[in-house]
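Student: I'm new to this one and would like a close look at a single part. Could you walk me through the metal site?

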Amino acid sequence: MGRKVLVLNQDYSALSICSVPKAFLLVFLEKAELVAESEQFTLRTVSAEFPMPSVIRLHRYVSLPYKGVMLTRQNIFKRDGHHCQYCGTSDDLTLDHVLPKSRGGKTSWDNLATACKRCNSRKGDYTPEEANMKLRQKPFKPTFLVFLREFSGSIEQSWMPFLSKKEKAFQ
Ligand SMILES: [Zn+2]
């Protein structure tokens, strides 16, 4: 499995993650500096030993509009663990507007829930309260941290101090 490196912007805010070879290249080209290295691993070549990067920081500030986690059908299913949020089945899934669209409900992270077709049609144009159907969890927008976990499979301890800022900003 490819290990991942946390890339910090020039102001030390978390920007993205990249592969170890990419991180080496950025440091080698003097576009970035090593901020933290992995304690468990070193890279060995015939003649030398290098610390394995864990966190690097770019020398120049990169201004990126934050795109966040994309609001897609698949990402909603993923957030909800591919289970209907009313009955728990994982068959025949679709998206439910918690507050129905016909009543002004938005197409947004906090108004969309995974629902099976059966529950979805049973709920119809009602709110969960009116239909007497209880949501298993309140829909929410995944945070940057959740996104990182999805993408890299794990979050390293050395990343934690740098993630808090971004986390707060995009709650
Ligand atoms: Zn259901």
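Tutor: Here is a walk around the zinc ion, followed by a little about the protein that holds the site. Keep in mind that this is a predicted model.

Start with the ligands. The zinc ion is held by four sulfur atoms, the SG atoms of Cys84, Cys87, Cys116 and Cys119, at 2.3 to 2.4 Å. Now look at how those sulfurs sit around the metal: the angles between the 4 donor atoms run from 101 to 117°, and because four donors count as tetrahedral when all angles lie between 85 and 135 degrees, this arrangement is tetrahedral.

Next, follow the donors along the chain. Their spacing reads C-x2-C-x28-C-x2-C, with Cys84 and Cys87 making up one C-x2-C pair and Cys116 and Cys119 the other.

How buried or exposed are Cys84 and Cys87? Cys84 has 0% relative accessibility, so it counts as buried. Cys87 comes out at 34%, which means it is partly exposed. And if you were wondering about cysteines bonded to each other, a search of the whole structure turns up 0 disulfides.

Finally, zoom out to the surroundings. The protein has 6 helices and 6 strands, and from the N terminus they come in the order β-β-α-β-β-α-β-β-α-α-α-α. Of its 171 residues, 40% are buried. Among contacts between residues at least 6 apart in sequence, 59% link residues at least 24 apart. The accessible surface is about 10,800 Å², and carbon and sulfur atoms account for 54% of that.

Definitions and conventions: Residues are numbered from 1 along each chain as its sequence is written. This is a predicted model: local features need pLDDT of at least 70, side-chain atom pairs count only at pLDDT 80 or more; totals for chains, interfaces and linings use all residues. Side-chain values use heavy atoms; hydrogens and water are left out. Donors are N, O and S atoms within 2.8 Å of the metal (3.2 Å for Na, K and Ca); water is not among the atoms, so sites may look incomplete. Four donors count as tetrahedral if all angles lie between 85 and 135 degrees; four count as square planar and six as octahedral if opposite donors are over 155 degrees apart and all others between 65 and 115; anything else is irregular. Buried means under 20% relative accessible area, exposed over 50%, partly exposed in between (1.4 Å probe, protein chains only). A disulfide is a pair of cysteine sulfur atoms within 2.5 Å. Helices (H or I, at least four residues) and strands (E, at least two) are DSSP runs, numbered from the N terminus. Contact means heavy atoms within 4.5 Å. Accessible areas come from the Shrake-Rupley method with a 1.4 Å probe; for residues, only the protein chains shown count as cover.
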